[in-house]
Structure formats: structure tokens, C-alpha cells
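Reader: Could you walk me through the aromatic rings in this one? I'd like a close look at how they pair up.

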Amino acid sequence: MRRLIILILTIASIAGANAQGNDVPHIVNFINFIRDIEPRDPDITPQVLFETTKNEADAIHRHGFKGTWLLQYDALIDPRYQDMMREEMAHGCEVGSWWEITQPHVEAAGLTWRGRFPWDWHADKGFAVGYTQQERERLVDVYMEKFRELFGQLPASIGSWFLDAHTMAYMHEKYNIEGCCICRDQVGTDGYTLWGGYWAGAYYPSRVNAYMPAQTPGGQIDLPVFRMLGSDPLYQYNAGVGGAVQSVSTMEPTYENAQKPEWVGWYLRCMTDDPALGFTYLQAGQENSFTWDAFKKGYEVQLPMIAQLQQQGKLKVETLIESARAFRKKHPVTPPTACTAMSDYTDNNGRTIWFNSRYYRTNILWEGQHMNIRDIHLFDERKESPYYNKVCTSNQCIYMTLPVVDGCLWSTADNMAALRIYALTDDGRTEEVLGGEPVITKKGKGMNVSWPLVNRPGEIQLTMTEKRLTIASTDKALRWCLQLNVQPQARLPFIDISGNAVTARSEDFDYRVSLHRGHFDDLRTEAGKVFRIVPEKGRVDIEMGNK
């Protein structure tokens with residue numbers, strides 16, 4: 001009874017919140033991917049996996065939702081799933097492909113299986129990156145032929161924890177795959193690191209790097225790639241500081257937060273009511289390997305809330321392919337988007353904004369009176385992934401973009417890296433500038449932030465547009481700068497810091513960030529300091545085009 005009361009109150013609080021974010025679409029996909037093999041636990045039999053999938057379907061249909069079901073090859077060839085998926089199609093659900101590679105799939109393609117078990121989650125065996133380009137194409141051909149034989153049509157969408165650009169392009173161009181989903185940003189979880197990418201929503205990938213958003217129509221695969229799992233915008237980012245394996249704070253119903261009405265209500269309120277740009281996106285659902293007993297509780301919390309918000313017109317549940325087709329119709333290139341959290345479910349008084357475009361992403365975090373620009377990563381379609389035309393030989397997979405500020409990997413738990421605003425005193429010291437509650441608003445295709453100063457007149461103003469981050473002070477008497485501090489042992493990419501530009505190198509790829517206004521001072525001789533940005537006439541313009 002107590003849990004029911006909490007659930008009702010949480011739904012009511014969502015319904016009554018100030019709807020600042022209601023002028024953009026808020027989209028939910030229920031994506032459930034299906035395995036027929038689970039070697040990690042002998043108690044998780046094929047029958048348990050099937051019953052879990054059936055329970056997922058029943059729960060979704062009870063609330064009137066259409067789901068997206070993605071079949072791993074071993075499930076595709078199981079007659080029980082074939083019958084079930086035909087019923088799901090009749091309900092208007094989508095059936096697509098889940099791209100983890102299994103022994104029956106490899107052998108059907110005439111290749112030799114190298115895994116420890118019939119399904120092996122290691123990157124060099126269980127994913128496309130562990131095979132040559134020719135082998136990847138053969139694996140695609142075999143899957144598509146079998147799917148068409150069973151269902152009389154080809155799948156329209158595909159999902160995987162991670163994919164390579166060659167496989168994506170081949171699927172899209174030969175078989176007209178129209179939508180894709182991959183894992184959220186994470187460090188080390190299950191051996192997979194995807195870090196620095198388009199934080200939430202969808203992007204068009206580079207033709208040579210599936211994780212890197214492209215900047216030009218000619219350089220992109222015209223296949224929208226959606227980020228899965230619904231990451232906590234405040235605390236998922238720093239869950240593995242310094243490169244430690246991250247814990248999980250997402251909407252995956254197996255995990256602790258996603259089973260709490262208070263947290264789920266907070267997350268959905270951020271998604272639907274807080275300031276946003278473009279659209280906000282959430283992937284709910286779960287793979288059947290976790291089993292129904294483990295995530296039934298999460299479904300019972302999440303589904304009524306999502307149903308209530310859909311009835312109120314505050315969000316819309318779609319299939320993955322519906323979302324992908326709408327994205328392609330509206331956006332010829334990756335659009336700028338932003339999502340925010342203007343409240344905190346802890347006592348830290350955190351607020352945050354994530355801004356993404358085809359050129360960069362940035363994240364700003366406020367904790368109490370402190371403001372931290374804790375992330376800036378650049379995107380460049382020319383940076384070829386090591387997995388594009390080479391075979392992964394490791395049990396881990398690493399996808400990275402181009403860091404300028406990395407508040408996770410360049411931090412320790414007691415020394416958090418960030419670009420912060422400091423006042424310059426007359427005697428040469430610096431003092432961190434403090435402020436009050438940020439006000440975030442949408443302006444055209446960008447976002448504005450006004451941060452009122454504490455014990456001073458005026459405010460700090462930040463503007464995020466597709467290719468530029470601008471920071472200015474309305475207090476003309478304030479002598480200020482931006483300073484990047486990191487933990488002293490951080491591995492940094494910077495080659496040269498001088499004048500109006502910083503050059504850096506990542507995996508033998510050179511990149512740069514430049515200033516349209518302001519200049520850089522190199523501080524690397526001081527432990528834990530990297531650079532300072534000194535404004536010009538009270539303003540800094542950071543160019544993100546990597547030219």
C-alpha cells in the first residue's frame with residue numbers, strides 16, 4: 001500500500017510540474033532484445049528466457065504500448081520466438097535484429113566459431129568488430145536471408161551494444177536498415193567503453209567511425225543511431241571516475257534506481273518538463289537474460305508512469321523504426337539537441353545541461369553555488385575508428401571521440417576535473433566565482449544559460465550553439481577567466497597550448513579547439529592545472545569546428 005501511495009503521488013507531481021520542456025517532442029521506445037542462449041547461469045534456460053520475453057510482452061500490451069523486439073540469431077531460428085513475433089507484428093509491434101554474434105549464426109555463415117560458449121560476450125567473438133569486413137557482410141547476408149524467409153520481409157532496425165561503420169553502411173545500403181540503437185556512454189561496463197559521444201537522442205554516424213557523429217551529408221551514413229538505456233543526466237557520468245568500471249544509473253528496470261518510484265518520477269519529470277532542445281529520448285525495456293523475476297518490479301514502477309504521461313500528451317511511446325523515420329524526415333544532418341535536469345533527487349543540489357550537436361557535446365553541472373563545465377568532446381568525421389577495417393583482437397571494445405574537457409577520466413573521487421570560472425585578484429590570486437540558480441532557456445537552435453552571481457552584481461551568461469560555446473559576464477568590473485584543473489596524474493592529449501588555439505592528439509589523430517574571442521595561457525608547469533582562457537572584453541567564444 002505504501003508503495004502504491006508513493007507511486008500515485010509521484011505521478012501527480014509529474015503532472016503538476018512546470019512544463020518548460022513541453023514544446024519539444026518527448027519520445028520513449030520500449031526496446032527488448034532477445035537471446036536464446038545464456039551460458040553465464042545454468043538456471044537461465046531457454047525456457048526461462050522465453051517466459052521472460054512473454055511476460056515483457058504481456059506487461060507492455062496491458063498498458064497499450066507498442067514495443068520493439070530485436071532478435072539475436074539464435075532466437076531468430078527458434079520456432080517459439082517465430083510464432084510469438086508474428087503475434088507481436090499483428091499487435092503493431094516492430095521486430096528487428098539484435099547484433100550479437102553467436103555460434104549458430106557464425107556456422108550458418110560458413111565461418112569458424114572461436115567463442116568459449118555458444119554465445120560469448122567478449123568483443124572479439126560476440127560482436128561484428130571481431131570479424132573481417134568480408135565476414136561481417138556474410139554474417140549480415142545470412143541473417144537477412146533467414147529473417148526474410150521466416151517473416152516475408154526484412155527487418156527495418158537493428159540494435160547492438162556497439163557496431164562498426166562498415167556493418168552499418170552495408171546493412172543500410174544493401175538491406176535498407178533505417179534505424180539503429182547502440183549502448184549509452186559508459187566506461188568499462190562488461191568490457192565495453194563508449195565515451196565522449198552524442199550523449200542522448202540520435203545522430204548520423206561518420207562513414208568511417210560508427211561512434212563519431214558526422215558533420216557533412218557526404219561524410220555520414222544516413223542511418224539514425226539512437227543511444228540506449230536512459231542515463232541519469234546528473235550521476236551516471238561520474239560513476240566511474242578515473243577510468244574505473246562504472247556502476248549503472250539508468251532506466252534499465254533491473255537496476256536499483258529504476259525500481260524506485262521517486263527516481264523514475266524524477267527522471268521522467270526532467271525528460272518532459274525541464275528545458276530541452278530538439279527532442280528528448282528515452283529507451284526503456286530490458287534484455288531477457290536478466291529474467292523476469294529481476295526486473296518485474298522495475299516494469300511495475302515505470303509502465304504506469306509512462307502510460308499516464310502519454311495519456312496527458314506529455315510524451316509519446318513509439319517503436320524504434322517510427323522514431324528513426326521521423327528523425328530522417330525532419331533532419332538531413334545531426335541536429336543540435338539538449339536535455340536538462342533542474343532538480344536533484346539527492347542532497348547535492350545538482351542541476352545540469354547536456355548539449356549536443358554534430359560538432360561537439362558539452363555538459364555543465366551546478367552543485368550548490370559551484371558551476372563546473374565538466375565535459376567538452378569534439379566530433380570529427382575524418383577520424384577513422386580502429387574497427388572500421390581492422391579486426392578487434394581484444395576482449396574489450398573502446399570507442400572514443402576527441403576530448404577537450406573530461407570530468408570523468410581526468411578525475412579522482414576527491415579531485416574532480418572541470419573547466420571553472422575564477423575571479424582574478426589584484427595580487428595575482430584566483431578565487432572561484434560562485435552563483436545562484438541557473439536559468440536555462442531555448443533560443444532558436446541553441447540554449448542560453450543565465451547564472452546570477454553571489455555577492456556581486458550581474459550574471460554569467462553562456463550560449464551553446466551548433467559550433468560555438470560563448471561565455472560572458474555582465475559584471476564589467478569582474479576580472480575573470482576560465483581554468484581547466486585535473487588530477488595531476490591524468491593522461492592528457494594536449495600537444496600545444498598558446499595564443500587562440502589548443503592542439504591535441506588522440507590515437508594518432510590531431511585536432512584543435514580555437515577561440516574567436518579570448519586567448520589561452522599554458523599552465524601545465526603547475527601540477528593539476530592545464531590551461532587558462534582569458535576573455536576579450538569580458539567574453540570568450542570557443543569554436544568547436546576543429547578547423
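Author: Sure, one term to begin with: buried means under 20% relative accessible area, exposed over 50%, and partly exposed in between, with a 1.4 Å probe and protein chains only. Keep in mind that this is a predicted model, where local features need pLDDT of at least 70, side-chain atom pairs count only at pLDDT 80 or more, and totals for chains, interfaces and linings use all residues. Residues are numbered from 1 along each chain as its sequence is written, and side-chain values use heavy atoms, with hydrogens and water left out.

Now the rings. Searching the whole structure turns up 39 aromatic pairs; rings of Phe, Tyr and Trp (its six-membered ring) pair if their centres lie within 6.5 Å, and planes under 30 degrees apart count as stacked, over 60 as edge-to-face and the rest as tilted. One of them joins Trp99 and Tyr143, edge-to-face at 5.3 Å centre to centre, with 65° between the planes. Trp99 sits in the loop between strand S3 (94–98) and helix H5 (103–108) and Tyr143 in helix H7 (residues 133–151), so this pair ties together parts 44 residues apart in sequence. (Helices, H or I, of at least four residues and strands, E, of at least two are DSSP runs, numbered from the N terminus.) Trp99 is buried at 1% relative accessible area, and Tyr143 is buried too, at 0%.

Another edge-to-face pair is Trp410 with Phe494: 5.8 Å centre to centre, 70° between the planes. Trp410 counts as buried at 4% relative accessibility, as does Phe494 at 11%.
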